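Colleague: Could you walk me through this model before I go back to the bench? I would like to begin with the ligand.

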Amino acid sequence: MASDKILGIDLGTTNSAMAVMENGDPEVIVNGEGDRTTPSVVAYNDDELIVGEPAKNQAIQNPENTVESIKRHMGEEDYTVELGGESYTPEEVSAHILQKIKNDAETYLGEEIERAVITVPAYFNDKQRQATKDAGRIAGFDVERIINEPTAAAMAYGLDDTRDQSVLVFDLGGGTFDVSVLELGDGVHEVVATNGDTSLGGDDWDETVKEWLADHFEDEHDISLRDDRQALQRLRDAAEKAKIELSSRKETEVNLPFIASTDEGPMHLEKSITRDTFQDLTDHLVERTSAPTKKALSDAGYSTDEIDEVILVGGSTRIPVIKEQVADIVGMEPQMNVNPDEAAALGAAIQGGVLSGEVDDLVLLDVTPLSLGVEVKGGLFERIINANTTIPTSESKVFTTAEDEQRQVQIRVFQGEREVAEENELLDEFKLRGIPPAPAGTPKIELTFQIDESGIMHVAAKERDSGEHEKVTIEGGVGLSDKEVERMKQDAQQHSDEDEMQRRRIEAQTHAEQMKQRAERVLQENRDAIANNVVQELEAAIDDAETALEESTTDISRYDRVASQIETTLGKVDESKLSSPKSEDNALTDAGTGETATAEAGGEVDNVDASFRDLSDD
Ligand code: AMP
C-alpha cells in the first residue's frame with residue numbers, strides 16, 4: 001500500500017536531493033549508493049539507461065551518451081537529447097532522475113511513495129514549472145506542489161521561527177546562481193524579490209581551474225590537451241576536486257598520470273595549487289555575484305544592513321571567499337547550520353508535511369519573477385500581473401475591441417519586461433469569438449490571469465454582455481531557458497529608455513487614430529446636426545490627423561497636437577445631438593474581424609489582430 005508520506009525533492013541542475021518528514025522533522029534520505037545527493041546525470045551504457053553517480057562516473061568514457069544539466073532545458077519545446085539512439089525530452093530525462101529518486105526512497109523507507117513536492121528556481125516560468133510537474137508525473141508521482149527553492153531553503157531554516165524577519169537566500173549551485181529576498185513571519189514565507197545569473201555556478205570555477213591546468217601543461221611540455229576530450233574531462237574532474245579541497249585546505253595537489261602520450265612516452269600532470277592562486281584565478285567569478293545580490297535587495301526595498309538573516313544554499317557557497325563576499329555585502333555572517341546541498345529538499349519535505357497535515361501553522365507564498373500580460377493596440381505589452389507579485393494570485397483587467405462590428409479578438413499572452421509585446425516571450429494565444437456586433441470600443445472584455453500555488457497560469461477571457469468566454473491553461477508552446485529569463489531581464493534594463501519612447505509614441509499614435517475615427521463617426525452620423533463651420537473645422541482636423549498617421553511620424557508631439565485639435569473641435573459639437581457613443585475610454589484597438597487569426601482590420605499597425613486596449617485605468 002502506498003504511504004501517505006510526501007517526498008520532498010530538490011531536482012537540481014547538477015545534483016538532486018530528497019527528504020521526508022520523520023517524527024516531525026525533515027530527514028534527508030540517502031540514495032541507493034548511500035549518498036545524500038544524486039548527480040542529475042542520465043546516460044545510456046551497456047544497453048540501459050543509468051542515472052546518478054554511475055552515470056557521472058562513466059561520463060568521461062561516454063560523453064555522447066551522457067546528459068548533464070538537463071534542467072537548463074526544462075520547458076523548452078522541440079528540445080530533445082539522444083540516448084542510445086532514442087530521443088528524449090527534458091521532461092523524460094528528468095523523469096528518469098525522479099524515477100531513481102522514487103525507487104531509492106521506497107527502498108529506504110520500505111513503502112511505496114506516490115506523493116511529492118518538487119522545488120524549482122523562483123524565476124522558473126509557467127512552462128518550466130509545468131514541465132517539472134510533468135516530469136514528476138512521468139516518474140509516477142502525484143506532484144502535490146511545485147515550490148520555489150529559496151522558499152524551501154528558508155523553511156528548512158525557519159521552521160520554528162515565528163518572529164518577523166527578512167532573509168537573503170544566496171544560492172550558488174553547480175550551474176546557476178540565484179539570490180532571493182524573503183520575508184518571514186507568522187509561518188508565512190514570502191519571496192519579495194529574486195535575481196541571479198543563470199550561467200554562473202561551480203562549473204565555472206572548475207572550468208577556470210581546468211584552463212589554468214591545461215595552460216600550465218602546455219607551457220611545460222608544449223602539448224595542448226585541448227583537443228583530447230578524455231583528457232579535458234579528466235582535467236575538469238581534477239579541477240573540481242581541487243576546488244572542493246581548497247574549501248578546507250590552503251593547498252592541494254593535482255595528479256593526473258598518463259594525461260598525454262608522446263613519442264617519448266606517457267606524460268603526467270602534477271601541479272600544486274594554493275588557495276590564494278585559486279582565489280586570484282576565480283576572483284572575477286566571485287565578483288559576478290555582487291550586482292545581482294545588490295539588485296535583489298534594492299528590488300525588495302531593503303538596504304544592505306536591513307536584512308535579518310542570510311542563508312547560504314548550494315554546494316558552491318562552501319567556497320570560503322564566497323562566504324566572505326556575502327558577509328561583506330550584507331555586513332553579517334551567513335547562516336550555514338543547514339547543509340547547503342540539502343536545504344531545498346528539507347524545505348520541500350516540510351512543505352510536504354504541511355500538505356499531509358503533519359506540520360501546521362505554515363503557509364507558503366511565492367512571487368512571479370517576470371510580468372505577465374497581453375499584447376494591445378500598436379503591439380504594446382500591457383501588464384496584468386506585475387513581476388514580483390506574490391502567488392497564488394488573480395488579477396483582472398478590462399479591454400475592448402478596435403473595430404466596429406468586430407466579432408472576435410485574439411488574446412496573446414506574454415511574459416517579460418519589455419514595452420513591446422513581441423520583445424517578450426509569447427506564452428500562448430487564443431481567440432474569443434462570438435462578440436455581439438457593436439461599435440468599436442463598446443464591448444467590455446474582461447481578462448483574468450490566475451496563477452495557482454504551483455505557479456501554473458490560467459487565463460480566462462469573458463465578454464461581459466454576451467457572457468461569451470474562453471480560457472486556457474498555459475502549457476506547451478515555446479519555453480524559456482534559464483538563460484533567456486536572465487537575458488530578458490537584462491534586455492529590459494538596457495532598452496528601458498528606448499522602450500519608454502516607443503511606448504509613448506505608439507500610445508500617442510493610437511490616441512490620434514482613435515480620435516480621428518471618432519471624429520469620422522461623429523461626422524458620418526450627425527453631420528446635419530452640426531454647424532457648418534464646425535464640420536469644416538472637424539474635416540480639417542481629420543485631414544491633419546490622417547497625414548500624420550500616414551507619414552507614421554516619430555514626432556510624438558505631432559500626434560498629440562492632431563488629437564487635441566480633434567478633441568477641441570469635438571468640444572464645439574453639442575453633445576446632446578450625438579448618436580454615437582461619447583466616451584472614448586472604451587477606446588479602440590485593432591483586432592481581427594475575419595475568421596483567421598491574422599485578419600487585419602486596421603492595416604496601419606502591425607499585429608493588428610492581436611490587440612486590446614486596457615480600459616480599467618482610463
Ligand atoms: P549543488 O548544485 O548545490 O549540489 O552544488 C554543486 C556544486 O557545488 C558543484 O559545482 C560542486 O563542485 C560544488 N561544491 C560542492 N562541495 C563544495 C565544496 N566543499 N567547496 C566548493 N564547491 C563545492
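Modeller: Happy to; we can take the ligand site and then a few single residues. This is a predicted model, where local features need pLDDT of at least 70 and side-chain atom pairs count only at pLDDT 80 or more, while totals for chains, interfaces and linings use all residues. Residues are numbered from 1 along each chain as its sequence is written, and side-chain values use heavy atoms, with hydrogens and water left out.

Colleague: How many residues surround the ligand?

Modeller: A residue is near a molecule if one of its heavy atoms lies within 4 Å of it. The closest are Thr14, Glu240, Lys243, Ser247 and Gly315. Counted this way, the number of residues that surround the ligand is 15.

Colleague: Which helix gives the largest share of that shell?

Modeller: Helices here are DSSP runs (H or I, at least four residues), numbered from the N terminus. Three residues of the shell come from one helix, spanning residues 229-245. That is helix H6.

Colleague: What distance separates the polar side-chain atom of Thr14 from an oxygen atom of the ligand?

Modeller: For a polar contact we look for a pair of N or O atoms within 3.5 Å; within protein, one must be able to donate a hydrogen and the other to accept it, and residues adjacent in sequence count only if both atoms are side-chain atoms. Asn15 has a side-chain N or O atom 3.0 Å from a ligand oxygen, and Gly174 offers a backbone N or O atom at 3.3 Å. For Thr14, the distance is 2.7 Å.

Colleague: Is Glu82 buried, partly exposed or exposed?

Modeller: Glu82 sits in strand S8, residues 81-83, a strand being a DSSP run of E with at least two residues. Buried means under 20% relative accessible area, exposed over 50% and partly exposed in between (1.4 Å probe, protein chains only). Because its relative accessible area is 47%, Glu82 is partly exposed.

Colleague: And Thr400, is that residue buried or exposed?

Modeller: Thr400 belongs to the loop between strand S22 (393-399) and strand S23 (409-415). A polar atom of its side chain lies 2.7 Å from the backbone oxygen of Pro443. With a relative accessible area of 0%, Thr400 is buried.

Colleague: Which residue with a positive phi follows H8?

Modeller: Helix H8 covers residues 290-299, and its buried residues include Pro292 and Leu297. The residue that follows H8 has a phi near 80°. It is Gly301.
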